[in-house]
Number of protein chains: 2
Amino acid sequence: MNKPTIKHALPVTREEDFAQWYQAVIAEAELAEESGVRGCMVIKPWGYGIWERIQKLMDEQIKAAGVENCYFPLFIPLSYFAKEADHVEGFAKEMAVVTHHRLIADPKGGLVPDPEAKLEEPLVVRPTSETVIGAAMARWVQSWRDLPLLTNQWANVVRWEMRTRMFLRTSEFLWQEGHTAHADEADAMAETLRALEMYRAFAEGPLALPVIAGPKPENERFPGAVATYSIEAMMQDGKALQAGTSHYLGTGFAEAAGIRYQDKEGQQTLCHTTSWGVSTRMIGGVIMTHGDDDGLRTPPQVAPQQIVILPMLRDNDGDAALLAYCETLRAELAKLSAFGERVRVLLDKRPGKATQKRWAWVKKGVPLILEIGGRDAEGGQVSVLRRDRLWNDAGKANFTGMAQGEFVAMASAELEDIERSLYTEARARRDAQIERGVSDLAGLSTYFAEDRKFPGWVEMQWSRPTGAALDRVVEQLKALKLTIRNTPLDAAPVDGTCPFTGEPAVERILVARAY
Amino acid sequence: MNKPTIKHALPVTREEDFAQWYQAVIAEAELAEESGVRGCMVIKPWGYGIWERIQKLMDEQIKAAGVENCYFPLFIPLSYFAKEADHVEGFAKEMAVVTHHRLIADPKGGLVPDPEAKLEEPLVVRPTSETVIGAAMARWVQSWRDLPLLTNQWANVVRWEMRTRMFLRTSEFLWQEGHTAHADEADAMAETLRALEMYRAFAEGPLALPVIAGPKPENERFPGAVATYSIEAMMQDGKALQAGTSHYLGTGFAEAAGIRYQDKEGQQTLCHTTSWGVSTRMIGGVIMTHGDDDGLRTPPQVAPQQIVILPMLRDNDGDAALLAYCETLRAELAKLSAFGERVRVLLDKRPGKATQKRWAWVKKGVPLILEIGGRDAEGGQVSVLRRDRLWNDAGKANFTGMAQGEFVAMASAELEDIERSLYTEARARRDAQIERGVSDLAGLSTYFAEDRKFPGWVEMQWSRPTGAALDRVVEQLKALKLTIRNTPLDAAPVDGTCPFTGEPAVERILVARAY
Ligand SMILES: [Zn+2]
Ligand SMILES: [Zn+2]
C-alpha cells in the first residue's frame, strides 16, 4: 500500500527538528508567546485555559487531602536567605532583586530608579516560599493540636534563568507549592508520598502522561531535603522531563525557621516538614508527549473546550437554519457529563472560512471537532473528527458522518476513549524506549551516541554510592550529557553488579538526557 | 426592659475604635496577618478562602461575557513606562524596581546584590498591566474580525504604599484586570458599563454589599481614561470604599501601544479600549460592612464553609455514636444546594473544647453553626446558631433546637435568608446615612464636623465644573477631608444650584470621607 503524502499543519515536523517543532506547536496552537521581557512569556487563552483546568483538578485533590490554601508575599527580605545558606548554595542565587521603590525622570527625559528611594534592605522576588512560609509556620504551630499543618499556595515565582524555553524554563512561572509540618517523621513521610501519588495519578489521569515515580539520588535532591521524590515523563525525543517533585525535609527547615510544638508530654519538639510542587512546566510535558506534526492533541480533561462545532456558513439565507441546528446540538452536548464534569462545548460562530477555523482547532488540539453543513442540518447529521485520529488512509482529514443522536449518545465515551488512547500510545512508546540491556559505561556511551536519534532511557542497577563515589558517577554521566532521573518505586528486584563501583547493586535507576 | 450586658468576642468594639476593631476582626477571624515584609500580608486560609470564592463566582461572570483569561509577565521594562507619561504622572511612580539578578556573599558574611549582575534596563514589578497588555493587543489585533478582543488576568500587582492597611491598601495585592479592545466608542462604552454592572450585581449579590454605581468626576479618573466608573460602598463608620472600577480609555492607550485594526473598508483604524478591575480590597469592604463586635459575618456565597457542625465530644464511649450522627448529618447537608451550588459544610472534629471552637467559628463568621451533644444525637435533634442573629434577648448565644430533618429541610433557604438579611441591614443603614439636605459648603462643614461620629455621605447637586473651577472645588473639599465619590447613575433629577459655582446644577454627586 502506498502511504499517501500528508500535508501537515505545522511548518516543521518532530523528525526534522524537535526543538523547532516544539516552538511551532506553541505558536500555532496559540499557547504562549514571547513577551518582550527577558525570559517571561505571555500565556494566551488556550494555554492559560489548560493551566486553569490543571489548577481546578489539582486543587480539588489538594483540598480533598485537607490542605488549606493561603497566600504569602511576593517579596522576601534578603536576610531570610542569608539565614539559610543551604538554599542559597543550591538554586537560589539567580534571583530578581528589588532595590528601589520609586522612579524619577532623568535629565535625558527617561525614567530611572530614584536614588533617594533605595531600600534599606533589598527584597528578593520569591524563587520559592520556603522561608516566608517557614516563618509563618513558626507562628502558627504551638501545640500538637495544631499538627499536621497543611498549607498550599498557587503563585508566580521567579528564578533568573540564563537560557529559557517556554513552559519548560522561564524566569517567571506559575506553580503550586505545598508546605506541611508534622509531629514526626512517619507522618511527614506519609504526606511526602501522598503528594507524590497525587501527582502520579494526576499525570497519568487528566494529563494522560505516563510517569515513573521514585526517589531522586542524593545529588539531585532539593537543597536541604532529606529525600526528594519525582515523577519523570518521557518526551517524544526520548528525553526525560521532571514533571513534579515532593520533598521530605526532615527537621532542618523547622530548625532554621523555629517551627516547634509542645507535645502531649509538654516538651518543645521540632516539626518534620515537607514541600511539593508542580508548575506550568507540566504544559511543556503535555506538548512534547501528545503533540504531533499537526499541533497539540490536548487531553480531554484539561482541554478548555472538549468539542468545537463549526457551522459551514455561506453568508446566505440558509445560515439561520444551520445556526439554529448547531445551537440545539450545542445545548444537547452541554448537558452531557464526562469524567464526572459537564462537557465543555463551543459553537464557533466567528467570521472566517470553515476550513481555516478547522485547522486552527486542529492545531490547538481540541479533542472532537464537528463540521456541520447545510445538508447535515437538513438531514440531522454531523461530521465528526477525532483529533487523535486525524488522517484517514487516503491522507485526508478523517471525518465520520453520523446521525446527530448517535453522536450525542457516544460523545462522553468518546472523550474518555481519547484520553485512554493518548495514554496508551504514550505508554507504549515510552516502554519501548526503556533499555534494560545496558550494564556498563561503554554500553551507555554507545546507547546514547550522538548520531542516535531520540534514544530514550536506560534502566540499570547500581550500588547507590554516596559522597565522593557518587560525585565520580555524576561526572562520568555528565560527560555523556546524562543524569540519573530516579529510582522507580515499582522496579524489578536487583540481581547484578554496579557498573560504577563494582559493588553489588542495591536498586535500579533510570539514566537519561533531560530537560 | 433591661438590656443585658453582652460579653462580645472581640477585645474592642466598633464604637470604641473603628480602626482597632478592623484590625481585631482580621486577627481574630484569622483572615490575614503581617508578613514581616513591609506592606505585604499573609492571607490565611479563611481570608484566602473568601478570595477563592470571589474569584470563582466573578470568573464565571467574566467567562460568561466572552472574556478570555490570559497571563502576562510580572515584570515590565522601564522603557514601557517612559513611553507613557500619563501613567507615570498618575499613580505609578511608587513602584518596586528590580535592578539586579543575582546575590553574592559580602565580606561580612551576609548577602548583597551582585554588582556584576546589574540589569541593563531595570524592570518594574507591575502596578497594573496596561502597558504589556497593550503591546500584546497591538500584536493580536489585525482586522475587524479580531474585535472585540476581550481579555482578563488574575494576578498579583505591587504599588509601593507608604501607609498600608490590610486588604484596603497593601503594597502587594491580588486582583483581576480586564482589558478589552473594540472597533468603536459605542462598543467600548457598552463593555465599560457591562463590567460596571457585573461588579454592581456581584457586590449586591454574593457580597451582600449595597453599592452605588456611577461615573467619577474628572479629577478622580484613572490617569489617561476618558471616563471612570466606580461602585461605592458605605462602611459602618460612614466612610466610602471604592470597591471596583471600570474605565473607558478612548483611543489614547491604543495610540500609545499601536492597537490598530483594518476595518471593513481596508482602513487602518485605532481601537477604543477599556479596563476594569476588582481586588482583595473587596474583602476589606465585606469586613467593614458585615463585621460586628463578635467578628466577621461572612456572606454565605463567599463563605468558604457555610455550615459548621461542632460535636460536643467528651472523650468517652459516647463519642463514636455522636460522631456517626454528625457524619450522617454532614452528608445529608452536603447534598443540598443553595445559590445554585452545593452547600459547603464542615464537620469540625479537631481536638479542643466545643465552646472555644464555637467562638472561633463565630469570629470567622460562618453563617450557620450546629452544636450537637450526645442527647441531641440520641433524640435526632440539632442546636442551630445563625451568625447574623447571634444573641437572644437574655444576652446568651441564640441557639434554637429543632429536629434534624427540620433543619435539613430549611438549611438552603436559611442561607439565602442570611444573605438577604445582611444586605437589607447594610442597605437600611446606608440609606439612613445619606444626607440630602446639605446645599452649601458651610452645611458640609457642619455635617462632617470632627466631633460627629460616623457621619455618612452627602448627596448634593452641582454644575460639574471642569479644569481650574473643578480644582477649586477639590481643594475646598480636601480641606474638609472630603472627596467626590461618583455621580449615582440612578439619582433623582436636578432642580437646584451648584453650591460651588452658583451655576445651575446638572447632576447629583456623593461627597464623603473615603478609604
Ligand atoms: Zn530554604
Ligand atoms: Zn498606561
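Colleague: Which residues of β25(B) are buried on one side, and which on the other?
Modeller: On one side B:Trp457, B:Glu459 and B:Gln461 are buried, and on the other B:Val458, B:Met460 and B:Trp462, so both faces are covered. Buried means under 20% relative accessible area, exposed over 50%, partly exposed in between (1.4 Å probe, protein chains only). This is a predicted model, where local features need pLDDT of at least 70, side-chain atom pairs count only at pLDDT 80 or more, and totals for chains, interfaces and linings use all residues. Residues are numbered from 1 along each chain as its sequence is written, chains are lettered from A and ligands numbered from 1 in the order in which they are written, and side-chain values use heavy atoms, leaving out hydrogens and water.

Colleague: Why is β25(B) largely enclosed?
Modeller: Because six of the six residues of that strand, 457–462, are buried. Strands here are DSSP runs of E, at least two residues, and helices are runs of H or I, at least four, numbered from the N terminus.

Colleague: Which strand does β25(B) run antiparallel to?
Modeller: β27(B), residues 507–512, through five bridges. B:Val458 faces B:Val511 there.

Colleague: And what joins β24(B) to β25(B)?
Modeller: Two bridges, with the strands parallel; B:Glu435 has B:Val458 as its bridge partner.

Colleague: Switching to chain A, how many bridges link β4(A) and β8(A)?
Modeller: Three, in the antiparallel sense. Pairing requires at least two DSSP bridges between two strands. A:Phe75 is opposite A:Val125.

Colleague: What about β5(A) and β8(A)?
Modeller: Three bridges, antiparallel, with A:Val97 opposite A:Val124.
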